[in-house]
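Open your viewer, load the entry and keep the selection tool at hand. We will go from stop to stop, with a selection to make at each one.

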Amino acid sequence: MTTIASMTTMTSAVYCDGVTKRFGKQFALNELHLAIPKGKIVGVLGPNGAGKSTLFRMLTGLAKPDRGSISVLGQRPGWRTNAHIAYLPDRARWYGDHTVNRAFHWGESLLPGFDRAVAERLAAFMNIDLDARVSGMSRGQEARLMLILCVARSVPLIILDEPFSGIDVISRERIIESLIDHMSSSELADVERTVLISTHEIYEAEALFDHAVFLRDGQVALSGDADELRAAHGSMHATMKQLYR
Ligand SMILES: Nc1ncnc2c1ncn2[C@@H]1O[C@H](COP(=O)(O)OP(=O)(O)OP(=O)(O)O)[C@@H](O)[C@H]1O
């Protein structure tokens, strides 16, 4: 029998039903109910400690819920689903002795769906020298490399946890522009991509989003279509201010 829950599981990129995760007495996620539609660029937003990284870790099978169930691309998270996910964790670092070229070569051999030509184009746009050694890069330059390694992949789900942290405001605007351009380009038309992005740089990033989920204390405080949220509150930034003041 097909139930409403099983249909929502199939039509959603991510579906969480009553997901709870505790660390000692602290609830990271508390009876979280969430359905993220496929094919959208989604802002996963909220103050420090709201549960964003914990949610992402669960979607990639790195953490297990104490209670509740999670479905990613219609399946339980694990190695099968991870082949279809490009995940940029917060605090991600690359090998210091690699050059950008070597990182892209590594990506080509080991990351499903990695497209080197796309990576090189993004690198040119983001001012990343292919011969640069990672150990000599600034934090912001390394953050760009990590971002490219994820978004140059043709996979149905991309999860970016704080991808812009450490990148200066001018470069951030340029990078967000290049992402908008890249996400809407025809080279990705073969895959229905869902992209989840957590960021505190909501002012600059909000043009990216066509859906938003606001978390508070491990629960969904508000979620919906970005245009509808903007129409109701003025901007995503204003929505955030009203929700968390
Ligand atoms: N491994 C852990 N051990 C103990 N507590 C944890 C652990 N991971 C998360 N927490 C707690 O769970 C809550 C949610 O943390 P999480 O990192 O998911 O928040 P976040 O929304 O990503 O925050 P930020 O915006 O600061 O990155 C916080 O109170 C945090 O202290």
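The tour goes from confidence to strands, then to the ligand, two helices and two loops.

**Colour by confidence**

Start by colouring the chain by pLDDT, since this is a predicted model. The protein chain has a mean pLDDT of 90, with 93% of its residues at 70 or more. Now select residues 4-11, which make up helix 1: confidence is lowest here, at a mean of 64. Where pLDDT is low, the coordinates should not be read in detail. For the other end of the scale, select helix 2 (residues 52-59), where the mean is highest, at 97. For the complex, the predictor reports an ipTM of 0.97 and a pTM of 0.92.

**Strands 1, 2 and 4**

Next, select strand 1 (residues 12-23) together with strand 2 (26-37). The two strands run antiparallel and are joined by 8 bridges. To find your place in this pairing, show Tyr 15, which stands opposite Ala 35 of strand 2. The two strands form a hairpin, with 2 residues between them. Click on Gly 24 in that turn, and you will find a positive phi of about 60°.

Add strand 4 (67-72) to the selection. Strand 4 also pairs with strand 1, in the antiparallel sense and over 5 bridges. Asp 17 is a good landmark: its bridge partner in strand 4 is Ser 69.

**From Phe 27 to a second hairpin**

Stay in strand 2 and pick Phe 27. With 18 C-beta neighbours inside 10 Å, this residue counts as partly exposed. Apart from neighbours within four places in sequence, Phe 27 is in contact with Thr 20, Arg 22 and Gly 218. Then put a distance label between the C-alpha atoms of Phe 27 and Asp 217: they are 7.4 Å apart in space, but 190 residues apart in sequence.

Asp 217 takes you to another hairpin, made by strand 8 and strand 9, with 2 residues between them. Asp 217 sits in the turn and has a positive phi of about 50°. Select residues 211-216 for strand 8 and 219-225 for strand 9; they run antiparallel, with 6 bridges between them. Phe 214 is the residue to show here, standing opposite Leu 222 in strand 9.

**Around the ligand**

Which residues are around the ligand? Select Phe 23, Gln 26, Ala 28, Gly 46, Asn 48, Gly 49, Ala 50, Gly 51, Lys 52, Ser 53, Thr 54 and Asp 90. Strand 2 and helix 2 are the elements that each give two or more residues to this shell. Helix 2 gives the most, with 3 residues. Colour the shell by residue class, and it divides into 3 nonpolar, 7 polar and 2 charged.

**Two helices with a buried face**

Select helix 10 (residues 236-244) and show Met 236, Thr 239 and Met 240, which are buried. Turn the view until you look down the helix axis: these buried residues fall within an arc of 100°, so they line one face of helix 10. To see what they pack against, bring in strand 3 (41-45), helix 8 (202-205), strand 8 and helix 9 (226-233).

Now do likewise for helix 4 (residues 100-110), where the buried residues are Val 100, Ala 103, Phe 104 and Gly 107. They cover an arc of only 100° around the axis, which puts them on the same side of helix 4. Show helix 5 (116-125) and helix 6 (139-151) as well, since the buried residues of helix 4 pack against them. Then look at the face turned away from the buried side, where Ser 109 and Leu 110 are exposed.

**Two loop residues with positive phi**

Most residues other than glycine have a negative phi. Keep that in mind as you select Leu 73, in the loop between strand 4 and helix 3 (79-82). Its phi is near 50°, a positive value. Is Leu 73 buried or exposed? Leu 73 counts as buried, with 21 C-beta neighbours inside 10 Å.

For the last stop, go to Glu 162, in the loop between strand 6 (157-161) and helix 7 (169-183). Glu 162 has a positive phi of about 55°, although it is not a glycine. Glu 162 is buried too, with 20 other C-beta atoms within 10 Å.

Note on methods. Residues numbered from 1 in each chain as written. Predicted model: local features only at pLDDT ≥ 70, side-chain atom pairs only at ≥ 80, totals over all residues. pLDDT = per-residue confidence, 0-100. Helix = DSSP H or I, 4+ residues; strand = E, 2+ residues; numbered from the N terminus. Pairing = 2+ DSSP bridges. Near = placed C-beta within 6 Å. Nonpolar A, V, L, I, M, F, W, Y, C, P; charged D, E, K, R; others polar. Buried ≥ 20, exposed ≤ 12 C-beta atoms within 10 Å, placed from the backbone. Arc of directions from axis to C-beta. Contact = placed C-beta atoms within 7 Å.
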